Amino acid sequence: VRGLCPSKQILHQNEDNTLIFEARFESGNLQKVVKVNEFEYQLTLRTDLYTSKYTQWYYFQVSNTQAGMPYRFTIVNFTKPNSLYKRGMRPLLYSEADAKKYSVGWQRTGNEIKYYRNNVGQGGQQYFSLTWTFQFPHNRDTCYFAHCYPYTYSNLQEYLVAISRDPVKSKFCKIHILCHSLARNIVYVLTITNPHEGDKDTKRKAVILTARVHPGETNSSWIMKGFLDYILGNSGNAQVLRDNFVFKVVPMLNPDGVIVGNQRCSLAGQDLNRKYKSNLKEFYPSIWYTRNMIKRVMEERDILLYCDLHGHNRKKNVFVYGCERKQQAKAPNLHPRVFPLLLSRICPDKFSFPDCRFRVQKSKEGTGRVVMWKMGISNSYTLEAS
């Protein structure tokens, strides 16, 4: 992934119980580990490539485990002063032995979890630690820890291959290449609508969905997968939606960042969700081509809704950020609060209307949500999920 061949750590004798750490695989992130004592390890995360910040996403492998021993892990270079780890969130664990024996996948785990300000800092940046204790269930197991359920670029490609090979789904879901990223990875765009007769098609309004502009927000990919499973399904509602709308979907805007295990940035070391006003096509290709694709769609048909899917690290629930003018237009169906209000009524246990915000801040003027709103899409949203 980063031009390095994984080298095996050599254990000096059979009784050596030192854990072996590895993160040089797709979406992995870990820079350094220090063994503090027999069962305690201090971990440092790699910052986003070509930046000196954005440490939040972690995903690494641990092997040579001893069952039942009280290990402590402490990640020492988080940069956000607050975290859902203070409010009950726990690290994720995947055990190869559990998966093989009991078909158990990722599960939340860890005890004595604390997230706190430490006395380390660099270049005026204050660092925070996440610490937890854990007992491995099996001897000599290979396990993985992660911040959120991983969803890699390879996962997406396998999913799209399955759609293209499905004789039913491939009729109403067309997969195209939107562009190539800086590292020449394909950025895909899907067009989902039922085949039409005559000029009915131009009357269909468009719905635009994008995800994974921030690589560490893997929950946005799981939401996107849930949406695609639903819209490509054979339920009556999915049929009605495909009959009446044209869905344009960009499932992974930042494949390079996803592959190298970044939290927020692209290979240009930039937050792509601040670049929607930029004309630097060669530096931010996925953003430039997405905006251009939306402009072309607007020339053909009305766009009912634009929504960019994200994950949030400090707030619970699912909620949206929308855009509204101080004096909102009289037409109530164009009011940006209507769609989120409907969502909160349909699934009150998941979607929180009180957490939604509709103010357009100056610092957010380069985001997809604000740029699309200024281009004329009233229902323009960022959807956030904890």
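**Figure 1. The second largest cavity holds about 50 Å³ of space.** This is a predicted model, and the close-up here looks at the residues around that space. Tyr-151, Leu-156, Tyr-159, Ser-221, Met-224, Lys-225, Leu-228 and Pro-251 make up the lining. Sorted by class, that lining comes out as 6 nonpolar, 1 polar and 1 charged. Ser-221 is the polar residue and Lys-225 the charged one.

**Figure 2. Two helices, α2 and α4, help wall in the second largest cavity.** Here we stay with the second largest cavity and turn to its helices. α2 runs over 153-165 and α4 over 219-231, and each puts at least two residues into the lining. Which helix gives the most? That's α4, with 4 residues. Leu-156 and Tyr-159 fall within the α2 range, while Ser-221, Met-224, Lys-225 and Leu-228 fall within the α4 range.

**Figure 3. The largest cavity has a volume of about 80 Å³.** A search through the whole structure turns up 3 cavities of 30 Å³ or more, and this view shows the largest of them. Its lining takes in 14 residues. Which of them lie nearest the centre of the largest cavity? Those are Ser-181, Leu-182, Asp-256, Ser-266 and Leu-272. The class split for the lining of the largest cavity is 9 nonpolar, 4 polar and 1 charged; Asp-256 is that charged residue.

**Figure 4. α6 and α7 both contribute to the wall of the largest cavity.** Same cavity, now with the helices in mind. α6 spans 255-260 and α7 spans 285-300, and at least two lining residues come from each. Asp-256, one of the residues nearest the centre of the largest cavity, sits inside the α6 range.

**Figure 5. Domain 1 and domain 2 meet with about 1,800 Å² of buried area between them.** The domain assignment puts domain 1 at 20-146 and domain 2 at 153-385. Taken over C-alpha atoms, their centres are 31 Å apart. On the contact itself, domain 1 brings 18 residues and domain 2 brings 19. Carbon and sulfur atoms give 49% of the buried area. And how many salt bridges are counted between domain 1 and domain 2? The count is 0.

**Figure 6. Glu-26, Trp-57 and Leu-84 lose the most area on the domain 1 side of the contact with domain 2.** This last close-up picks out those three residues. Together, Glu-26, Trp-57 and Leu-84 account for 30% of what the domain 1 side buries. Glu-26 is in the group, yet no salt bridge is counted between domain 1 and domain 2.

Conventions
Residues are numbered from 1 along each chain as its sequence is written. This is a predicted model: local features need pLDDT of at least 70, side-chain atom pairs count only at pLDDT 80 or more; totals for chains, interfaces and linings use all residues. Side-chain values use heavy atoms; hydrogens and water are left out. On a 1 Å grid over the protein atoms alone, a cavity is a set of points where a 1.4 Å probe fits but cannot get out, and a pocket is an open set with protein on both sides within 12 Å along at least five of seven lines; lining residues have an atom within 4 Å of a point. Grid points are joined across faces, edges and corners, and a volume is the space filled by probe spheres set on the points. Ala, Val, Leu, Ile, Met, Phe, Trp, Tyr, Cys and Pro count as nonpolar, Asp, Glu, Lys and Arg as charged, and the others, Gly among them, as polar. Domain bounds come from an automatic or database domain assignment. Contact means heavy atoms within 4.5 Å. Buried area is the accessible area (1.4 Å probe) that two parts lose on being put together, summed over both. A salt bridge is a side-chain nitrogen of Lys or Arg within 4 Å of a carboxyl oxygen of Asp or Glu.
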